[in-house]
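Here are a few exercises to work through with the model open in your viewer. Try each task before you read its solution.

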Amino acid sequence: MPALNDYLLVSGLLFSIGLAGVVLRRNIIIVFMCLELMLSAANLSLVAFSRHNTVNGLPDYDGQMLVFFVITVAAAEVAVGLAIIVALYRARQTIHTDELVSLKG
């Protein structure tokens, strides 16, 4: 069975990949997917800590309940974020972050 350190290592790698994608990529859809990857890394850490912490021999489910709420908020974020991306594309005809220099237009 993997130890807590293994889960945290994978979570840190996922978060690092997501952070690198947000900083280095120009396509706004790729940036958006990398943000979701960072949220998934945080969720993995929460589940790992929740599984590691036991109460009377049973896992403590507080972290897993928090993950449920984070996933719910992330689903709403995806709906709003994609709507904003579609609106930006219709207004500017581009999805590259370098070309989006002002919000007015």
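**Exercise 1. Decide whether Asn5 is buried or exposed, and place it in the fold.**

Step 1: Asn5 has 59% relative accessibility, so it counts as exposed. The scale calls a residue buried under 20% relative accessible area, exposed over 50% and partly exposed in between, using a 1.4 Å probe and protein chains only.

Step 2: Asn5 sits in helix α1. Helices here are DSSP runs of H or I with at least four residues, strands are runs of E with at least two, and both are numbered from the N terminus.

Step 3: Now check a distance: the C-alpha atoms of Asn5 and Asp62 are 20 Å apart, with their positions 57 residues apart along the chain.

A word on ground rules: this is a predicted model, where local features need pLDDT of at least 70 and side-chain atom pairs count only at pLDDT 80 or more, while totals for chains, interfaces and linings use all residues. Residues are numbered from 1 along each chain as its sequence is written, and side-chain values use heavy atoms, with hydrogens and water left out.

**Exercise 2. Work out the order of the elements and how spread out the protein is.**

Step 1: Count the secondary structure, which gives three helices and two strands.

Step 2: Read from the N terminus, and the order is α-α-β-β-α. The radius of gyration is 18 Å, well over the 13 Å from the globule rule for 105 residues, so the protein is more spread out than a compact globule. That radius is taken over C-alpha atoms, and the rule is 2.2 Å times the number of residues to the power 0.38.

Step 3: Look at the extents: the C-alpha trace spans about 60 × 25 × 20 Å along its principal axes. As for burial, 22% of the 105 residues count as buried.

**Exercise 3. Compare the UniProt record with the helices.**

Step 1: The unreviewed UniProt entry lists residues 6-24, 29-50 and 65-89 under "transmembrane region". Its positions use the numbering here, feature names are shortened, and annotations may be inferred rather than shown by experiment.

Step 2: Residues 6-24 are 100% helix and 0% strand, with end C-alpha atoms 27 Å apart. Residues 65-89 are likewise 100% helix and 0% strand, and their end C-alpha atoms lie 36 Å apart.

**Exercise 4. Find the salt bridge and say which parts of the chain it links.**

Step 1: Apply the cut-off, a side-chain nitrogen of Lys or Arg within 4 Å of a carboxyl oxygen of Asp or Glu. The count comes to one salt bridge.

Step 2: The partners are Arg26 and Asp98, at 3.5 Å from N to O. They link distant parts of the chain, 72 residues apart: Arg26 is in the loop between α1 (4-24) and α2 (28-52), and Asp98 is in the segment after α3 (62-92).

Step 3: Check exposure: Arg26 is partly exposed at 41% relative accessibility, and Asp98 is partly exposed at 47%.

**Exercise 5. Where do Asn56 and Gln93 lie, and what is phi for Asn56 and Gln93?**

Step 1: Recall the background: most residues other than glycine have a negative phi.

Step 2: Asn56 has a positive phi near 55 degrees. It lies in the loop between β1 (54-55) and β2 (58-59), and counts as exposed because its relative accessibility is 79%.

Step 3: Gln93 has a positive phi too, near 60 degrees. Gln93 is in the segment after α3, and its 54% relative accessibility makes it exposed.
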